[in-house]
Amino acid sequence: MRYTEGKIGRIFVARFDEGDDLLEGIKRLAEKEKIKAASFNLLGALTGQKLVVGSKMSRGKNIPDWAAASGEWEVLGFGTLFRLDGKPAIHLHTATGKKGKMLVGCLRGGGGVYITIECVVQEILAGGIAKKKSSAGLSLIDFKRGKKC
């Protein structure tokens, strides 16, 4: 395990409205406010979600297993934001449900807001944290001044 220590910086409370693109909106907030690292929580409803619900390795490459949630689904999620090649990179896992059906996975596309999403973003103040692509194509946290345990 590798880790680093940080502190909570600014806290942002955002409301996304119907039709907003959730992932793009979080990235725009990070760009505008110059957020380099953060964690965030959200709740509300999304439509047209594309989720990675598992994966397998093939010839050293990660191959995602996809699922779609068409229509409007309730959602709650937890994510992180770090920079990858200087741009905001989001890793967001959601639990989404509708009429007794449920999907849990990593939101990668779609994700138009249905009615509203409430999102609380907590900035992490810790130098040297970013994302880096692994040889398998995964975006992994990289520590310039990390510790080992």
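This tour moves from the whole chain to single residues, naming at each stop what to select and what is found there.

**The whole chain**

Begin with the full protein chain in cartoon view, bearing in mind that this is a predicted model. The chain has 1 helix and 10 strands, and a reader who follows the cartoon along the sequence will meet them in the pattern β-β-α-β-β-β-β-β-β-β-β. Switching to the C-alpha trace, the extent along the principal axes is about 45 × 40 × 25 Å. The radius of gyration is 16 Å, which agrees with the value near 15 Å that a compact globule of 149 residues would have.

Colouring by relative accessibility is a useful next view, in which buried residues make up 35% of the 149 residues. If a surface is drawn instead, its accessible area comes to about 9,100 Å², and 54% of that area belongs to carbon and sulfur atoms. For those who prefer a contact map, 70% of the contacts between residues at least 6 apart in sequence join residues at least 24 apart.

**Charged side chains**

Now select the charged side chains: 26 are positive and 15 are negative, and the centres of the two sets lie 9 Å apart. Side chains of opposite charge can pair when their charged atoms come close. In this structure there are 5 salt bridges, and the next stops visit some of them.

**Stop one: Arg10 and its partners**

Select Arg10 together with Glu33, whose side chains form a salt bridge with an N to O distance of 3.3 Å. Arg10 belongs to strand 2 (residues 7-17) and Glu33 to helix 1 (residues 22-33), so this pair ties together parts that are 23 residues apart in sequence. Both ends of the bridge are partly exposed, Arg10 with a relative accessible area of 34% and Glu33 with one of 27%.

Keep Arg10 selected and add Glu123, since the side chains of Glu123 and Arg10 also meet in a salt bridge, here at 2.9 Å from N to O. This pair links distant parts of the chain, with Glu123 in strand 7 (residues 112-125) and Arg10 in strand 2, 113 residues apart. Is Glu123 buried or exposed? With a relative accessible area of 8%, Glu123 is buried.

**Stop two: Arg83 and Glu31**

Moving along helix 1, select Glu31 and then Arg83, whose side chains meet in a salt bridge at 3.6 Å, N to O. Because Arg83 lies in strand 4 (residues 61-84) and Glu31 in helix 1, the pair ties together parts that are 52 residues apart in sequence. Arg83 counts as buried at 13% relative accessibility, whereas Glu31 is partly exposed, with a relative accessible area of 40%. Before leaving the charged groups, it is worth displaying Arg10, Glu33 and Glu123 at once, as salt bridges that share partners join these residues into one network.

**Stop three: two serines in strand 3**

Next, select strand 3 (residues 37-58), where Ser39 is found. Ser39 is buried, with a relative accessible area of 13%. Which residues does Ser39 contact once its neighbours within four places in sequence are left aside? They are Phe78, Gly79, Thr80, Val120, Val121, Gln122 and Ile124.

Ser55 is also found in strand 3, but Ser55 counts as exposed, at 52% relative accessibility. With neighbours within four places in sequence again set aside, Ser55 is in contact with Asn62, Ile63, Pro64 and Asp65. The last of these can be checked with a distance label: Ser55 and Asp65 are 10 residues apart in sequence, while their C-alpha atoms are 5.1 Å apart in space.

**Stop four: positive phi angles**

Finish with the backbone torsions, selecting Lys34 in the loop between helix 1 and strand 3. Lys34 has a positive phi of about 55° although it is not a glycine, and its side of the surface view can be inspected directly, as Lys34 is exposed with a relative accessible area of 64%.

The second residue to select is Ile115, whose place is in strand 7. What is the phi of Ile115? Phi lies near 65°, a positive value in a residue other than glycine, and at 52% relative accessibility Ile115 counts as exposed.

Notes
Residues numbered from 1 in each chain as written. Predicted model: local features only at pLDDT ≥ 70, side-chain atom pairs only at ≥ 80, totals over all residues. Heavy atoms only, no water. Helix = DSSP H or I, 4+ residues; strand = E, 2+ residues; numbered from the N terminus. Rg over C-alpha atoms; globule rule 2.2 N^0.38 Å. Buried < 20%, exposed > 50% of the residue type's maximum accessible area, 1.4 Å probe, protein only. Contact = heavy atoms within 4.5 Å. Areas by Shrake-Rupley, 256 points an atom, 1.4 Å probe, with all protein chains shown as cover. Lys, Arg positive; Asp, Glu negative; His and termini not counted. Charge placed at Lys NZ, Arg CZ, Asp CG, Glu CD. Salt bridge = Lys/Arg side-chain N within 4 Å of Asp/Glu carboxyl O.
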